[in-house]
Amino acid sequence: MGNFEFQKIRMFGRVERKPAEYTEVYGEPVKHTSDPIVTGSSVVALHFNGGVIIGMDTTSSYGKMAMYKNVNKFEVINQQTVYAASGEVSDFQELTRFLREVERRSLNAADGYTHNAHDYANLLARKQYQMRNKGDPFLVQSVIGGIVDGKPYLAVIDPFGTPLQKTAVLTGYARYLCPPIVQNYWDETADEEKARRVVEECFKVLFYRDAKAVDRIQIAIVTERGVTIDEPIKLKTKWDHEAFLTRANEKLHTQ
Amino acid sequence: MIKGVYDVDCGTWSPQGKLIQVEYAMEAVKQGSICLGLKSQEYAVLCSLKRAPSELSSYMDKTFKVDDHMGLSMAGLTADARSLCKYMRNECLNYKYNYEVAHPVERLIFKIAEKSQKKTQSVSTRPYGVGLLVIGVDQTGTHLFETCPSGNFYEYNAYSIGARSQAARTYLENHFQKFSKASLERLILHGLKALKGAVQEETDFNTRSVEIAFVGLKENFTTLKEDQVDSYLKKLAD
């Protein structure tokens, strides 16, 4: 293919690549967004003994600015499947449109067969892989949670299109901050209450440490009976530590 | 059987409200050698009688595997059957690639029916001249479907198409209530008995001309080998 000379021009987070030898039909260079603009933050999703619990905050960030504060991040594809994603929000919405279209075709067929969470997870993986191969990936980590054959099902798909079926899914900053909480306080036999507390604890820690996190979260639960998305809740976090109040550290510095 | 001026193409209705070209296509199915299918709750079985174009040739296969969970037998134009089978195999592969799950049987039959129907609404192409008996398993259990050149499809507990299939159908109608809980061996023997009923004196009914295939909830689509067919034919003779 020859040598490519890439000129990178950074404009408001968007990188324009101008390959020297490649010319498109209309003489314009190929431009793909390489950084996400409006993002959703971490997803924390766990199995419990009756189904799957997924938690997300209700904020969409514009860089570091918490621009949209009351966003419903869950898409109910059918009564046994929920889709959530961290990363670029417009890509999440595009994939939602895609999944809904697939579900609608099932409804139109009207033959009693519907896709389940496993089918959707793999379909998403194929779709994200396809776009990644074009050099224009969906900049999302997708999470599909649902019930398959009566058992809880949870899968995460990374921007490369790799599907991973897991019992505990953490995306975004939760990947770094939350594993110890999940490992120590949760296992697959947990009941809904225990799993819910672990999810809340994860988001508390994220609010303390992740600059883009917000303390308002929403939880979705998928069981055999269907999908319930709870009203958003505000996390109880502690900011009146003695050290903050007496400003002990500051005293040391000023001495 | 020439129906006059209304049988030239699929774009012409006859005064009796029929598409005569489509009926001619279904006649091609009736002229093909017999194949039949039957199913239980756990297995679905196909039995076919193969024809040899001449003494020197081998018998033409009628049974094709579509995917691990699905296969078909045909009556009519073998070339048309191969073309449809290739389409079905491709669809099954794509579905498996996208969803990591076997293609639901009825959905695929619906696609075939759509394909067949298009050909009945065109002046420039002819309908498919083959009827398929498709057996498969999916989430909803075992299935046996028949597809027609007309674009219709039907689901059956047991059915037979091709030459002298009425004799086989009579046997199946009399016995189909026993199929639901039958073992695989019993099911195959029922199929062979039904097949035998449709065979004329001078037709070959031996290991080379009989084809048996089955698929089960836990077993992939398999066409029986000659020695297995032989043992079943021996059991039939007893």
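**Ser61(A) and its surroundings: what the labels rest on**

Modeller: Ser61(A) lies in strand β6 of chain A, residues 60-62. This is a predicted model: local features need pLDDT of at least 70, side-chain atom pairs count only at pLDDT 80 or more, and totals for chains, interfaces and linings use all residues. Residues are numbered from 1 along each chain as its sequence is written, chains are lettered from A and ligands numbered from 1 in the order in which they are written, and side-chain values use heavy atoms, with hydrogens and water left out.

Colleague: What makes a stretch a strand or a helix?

Modeller: Both are DSSP runs, numbered from the N terminus: helices are H or I over at least four residues, strands are E over at least two. On that basis chain A has seven helices and 16 strands.

Colleague: Is Ser61(A) buried or exposed, and why?

Modeller: Its relative accessibility is 3%. Buried means under 20% relative accessible area, exposed over 50% and partly exposed in between, with a 1.4 Å probe and protein chains only. So Ser61(A) counts as buried. In chain A, 43% of the 255 residues count as buried.

Colleague: Which residues is Ser61(A) in contact with?

Modeller: Ile37(A), Val38(A), Thr39(A), Ala66(A), Met67(A) and Lys212(A), leaving aside neighbours within four places in sequence. Contact means heavy atoms within 4.5 Å.

Colleague: How do you know that strand β4(A) is mostly covered?

Modeller: Six of its six residues, 43-48, are buried. Val43(A), Ala45(A) and His47(A) point one way, while Val44(A), Leu46(A) and Phe48(A) point the other way. In a regular strand the side chains alternate between the two faces of the sheet.

Colleague: What makes β4(A) and β5(A) a pair?

Modeller: Two strands pair if DSSP finds at least two bridges between them. Here there are six bridges, in the antiparallel sense, with β5(A) covering residues 51-57. So the rule is met. Ile54(A) is the bridge partner of Ala45(A). The two strands form a hairpin with two residues between them.

Colleague: How many bridges join β4(A) to β13(A)?

Modeller: Three, also antiparallel, with β13(A) at residues 168-170. Leu46(A) stands opposite Ala168(A) there.

Colleague: Why is the pair Tyr173(A) and Tyr176(A) called edge-to-face?

Modeller: Start with the rule: rings of Phe, Tyr and Trp (its six-membered ring) pair if their centres lie within 6.5 Å; planes under 30 degrees apart count as stacked, over 60 as edge-to-face and the rest as tilted. By this rule there are ten aromatic pairs over all chains. The centres of Tyr173(A) and Tyr176(A) are 6.3 Å apart and the planes stand at 65°, so the pair is edge-to-face.

Colleague: And why is the pair Tyr154(B) and Tyr156(B) called tilted?

Modeller: The centres are again 6.3 Å apart, but the planes stand at 45°. That angle is neither under 30 nor over 60, so the pair is tilted.

Colleague: Are Tyr173(A), Tyr176(A) and Tyr154(B) buried or exposed?

Modeller: Tyr173(A) has a relative accessible area of 47%, so it is partly exposed. Tyr176(A) has 61%, so it is exposed. Tyr154(B) has 34%, so it counts as partly exposed.

Colleague: How do you know that Arg126(A) sits over the ring of Tyr97(B)?

Modeller: A charge sits over a ring if NZ of Lys or CZ of Arg is within 6 Å of the ring centre and within 35 degrees of the ring normal. The charged end of Arg126(A) is 4.3 Å from the centre of the Tyr97(B) ring. Lys119(B) lies over the face of Tyr128(B), at 4.8 Å.

Colleague: What makes β3(B) and β7(B) edge strands?

Modeller: Five strands of chain B form an open antiparallel sheet in the order β3-β4-β5-β6-β7. β3 (63-67) and β7 (153-155) each pair on one side only. The twist averages 25° from one strand to the next.

Colleague: Why is the crossing of α4(B) and α5(B) called right-handed?

Modeller: A crossing is left-handed if the near helix is turned anticlockwise from the far one by less than a right angle, and right-handed if clockwise. α4(B) passes α5(B) in the right-handed way. The helices, residues 165-175 and 184-197, pack at about 145°, with axes 7 Å apart. Axes are lines fitted to C-alpha atoms, for helices over the stretch in contact, and angles run from 0 to 180 degrees between N-to-C directions.
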